[in-house]
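Me: I'd like to go through this one residue by residue and pick out some local features. Could you help me with that?

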Amino acid sequence: MKNILPFIPERPLKPRQTGLTMVMDKGLSVREAEDFMSVGSEYTDFVKLGFGTSLITPGVEQKIKIYKKSGCIPYFGGTLFEAFVIRDMFKEFVDFLDKNEIDLVEISDGSYEIDHNKKLGYISELAKRGTVVSEVGSKKKDVVYSPDQWVAMMKSELDAGSVKVIAEARESGTIGIYNDDGSVNLPLINEISNHIGLGNVIWEAPLKSQQAWFIKQFGANVDLGNIAPNEIIPLETLRLGLRGDTFFQFLPGDLKG
């Protein structure tokens with residue numbers, strides 16, 4: 001592609017440490033997963049089998065194999081972890097991970113408010129087993145954390161063993177790091193980026209306007225999550241300045257008019 005167009009941002013090859021894209025699978029069929037991978041595998045790093053869908057989606061074992069064979073890392077949504085833990089079934093959760101040969105685990109407390117020290121304990125325990133990402137922020141609109149609280153929780157979860165922290169937004173993009181209208185909570189995002197570091201955060205950004213904002217703010221290789229499967233190619237065009245929203249972002253000044 002660089003031989004065709006100059007001024008295209010560099011994108012690291014997989015397996016990437018930066019510029020990660022996490023896609024949300026909310027119950028794709030096996031055939032849909034195959035179709036998704038046929039065009040999106042190069043641009044997708046993680047595939048989250050959202051919330052509790054992995055318990056009831058037909059063919060989930062086959063889908064896991066499809067994602068792995070395509071070079072993507074599948075994992076279960078954090079809400080599934082919470083559903084096991086609230087029932088005092090942590091061991092059964094680990095057994096379910098083992099049965100499905102899932103190495104990457106998401107630990108969250110967005111639906112079920114877990115004592116934070118207990119959450120850190122779960123992170124430490126599962127980090128001994130494999131790779132852990134943890135989600136910070138509540139799915140409930142009436143639970144609001146200050147920027148200082150966000151930063152403190154993220155720091156402690158990274159220290160406990162998370163390789164990345166996920167900034168909560170839900171699939172609606174209207175909570176957590178966003179306002180009710182989907183606009184970014186700039187003071188909060190600035191606080192997180194200044195004190196946690198971009199390389200440690202996956203920003204949930206389900207809406208195009210949010211994806212474009214993060215790319216303009218932090219560059220082509222910002223880590224983004226909760227992307228719909230049919231938005232993986234459109235997102236990559238945003239990252240590369242091949243879509244109107246970021247068209248001028250990577251061009252030199254003399255081409256911007």
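Me: Let's start with Asp-95: is it buried, partly exposed or exposed?
Reply: This is a predicted model, and in it Asp-95 is partly exposed, with a relative accessible area of 37%. Asp-95 sits in helix H4.

Me: And how far is Asp-95 from Arg-239, in sequence and in space?
Reply: The two are 144 residues apart in sequence, and their C-alpha atoms are 38 Å apart in space.

Me: OK, salt bridges then. How many are there?
Reply: The count comes to 13 salt bridges. One of them joins the side chains of Asp-45 and Arg-16, at 3.0 Å from N to O. Asp-45 lies in the loop between helix H1 (30-40) and strand S2 (46-49) and Arg-16 in the segment before S1, so this pair ties together parts that are 29 residues apart in sequence.

Me: Are those two buried or exposed?
Reply: Asp-45 is buried, with a relative accessible area of 6%, and Arg-16 counts as buried at 9%.

Me: What does the side chain of Lys-164 meet in a salt bridge?
Reply: The side chain of Lys-164 meets that of Asp-223, with an N to O distance of 2.6 Å. This pair links distant parts of the chain, 59 residues apart, with Lys-164 in strand S6 (residues 164-167) and Asp-223 in the loop between helix H8 (208-218) and S8. Both Lys-164 and Asp-223 are buried.

Me: Which residues does Val-201 touch, leaving aside neighbours within four places in sequence?
Reply: Val-201 is in contact with Lys-164, Val-165, Ala-167, Ile-192, Ile-196 and Asp-223, so its list includes both partners of the salt bridge between Lys-164 and Asp-223. Val-201 belongs to strand S7 (residues 201-204) and is buried, with a relative accessible area of 0%. From Val-201 to Val-222 the C-alpha distance is 8.7 Å, with their positions 21 residues apart in sequence.

Me: Which residues are linked in a network of salt bridges?
Reply: Lys-48, Glu-106, Glu-135 and Glu-204 are linked in such a network.

Me: Changing topic: where is Glu-82, and is it buried or exposed?
Reply: Glu-82 is in helix H3 (residues 78-85), and it is buried, with a relative accessible area of 2%.

Me: What does the side chain of Glu-82 reach?
Reply: The side chain of Glu-82 reaches the backbone nitrogen of Ser-111 at 2.8 Å, and a polar atom of that side chain lies 3.0 Å from the backbone nitrogen of Gly-110. Not counting residues up to four places away in sequence, Glu-82 touches Ser-108, Asp-109, Gly-110, Ser-111 and Tyr-112.

Me: Asp-109 is on that list, so what does its side chain meet in a salt bridge?
Reply: The side chain of Asp-109 meets that of Lys-119, at 3.2 Å from N to O. Asp-109 lies in the loop between strand S4 (104-107) and helix H5 (116-127) and Lys-119 in helix H5, so the pair ties together parts that are 10 residues apart in sequence. Asp-109 is buried, and so is Lys-119.

Me: How many aromatic pairs are there?
Reply: The structure holds 15 aromatic pairs. In one of them, the rings of Phe-84 and Phe-93 have their centres 5.6 Å apart and their planes at 55°.

Me: Why is that pair called tilted?
Reply: The pair of Phe-84 and Phe-93 is tilted because its planes are at 55°, and the tilted class covers pairs that are neither under 30 degrees, which count as stacked, nor over 60, which count as edge-to-face. Phe-84 is buried at 11% relative accessible area, and Phe-93 counts as buried at 2%. Ring pairs also link Phe-76, Phe-81, Phe-84, Phe-90, Phe-93, Phe-96 and Tyr-122 into a cluster.

Me: Now the backbone. Which peptide bond is cis?
Reply: The bond from Lys-14 to Pro-15 is cis, with omega near -5°, and Pro-15 is found in the segment before S1.

Me: What about phi at Asp-88 and Asn-226?
Reply: Phi of Asp-88 is near 60°, a positive value in a residue other than glycine, and Asn-226 has a positive phi of about 60° although it is not a glycine either. Asp-88 is in the loop between H3 and helix H4 (90-99) and counts as exposed at 71% relative accessibility, whereas Asn-226 is in strand S8 (residues 224-227) and counts as buried at 5%.

Me: Last one: which residues form a nonpolar patch on the surface?
Reply: Ile-4, Leu-5 and Leu-242 form one, with about 290 Å² of accessible area together. Ile-4 lies in the segment before strand S1 (21-25) and counts as exposed at 70% relative accessibility.

Key. Residues are numbered from 1 along each chain as its sequence is written. This is a predicted model: local features need pLDDT of at least 70, side-chain atom pairs count only at pLDDT 80 or more; totals for chains, interfaces and linings use all residues. Side-chain values use heavy atoms; hydrogens and water are left out. Helices (H or I, at least four residues) and strands (E, at least two) are DSSP runs, numbered from the N terminus. Buried means under 20% relative accessible area, exposed over 50%, partly exposed in between (1.4 Å probe, protein chains only). A polar contact is a pair of N or O atoms within 3.5 Å; within protein, one must be able to donate a hydrogen and the other to accept it, and residues adjacent in sequence count only if both atoms are side-chain atoms. Contact means heavy atoms within 4.5 Å. Patches are made of residues with over 30% relative accessible area and no salt bridge: like charges are joined within 9 Å, nonpolar side chains (Val, Leu, Ile, Met, Phe, Trp, Tyr) within 5 Å. Accessible areas come from the Shrake-Rupley method with a 1.4 Å probe; for residues, only the protein chains shown count as cover. A salt bridge is a side-chain nitrogen of Lys or Arg within 4 Å of a carboxyl oxygen of Asp or Glu. Rings of Phe, Tyr and Trp (its six-membered ring) pair if their centres lie within 6.5 Å; planes under 30 degrees apart count as stacked, over 60 as edge-to-face and the rest as tilted.
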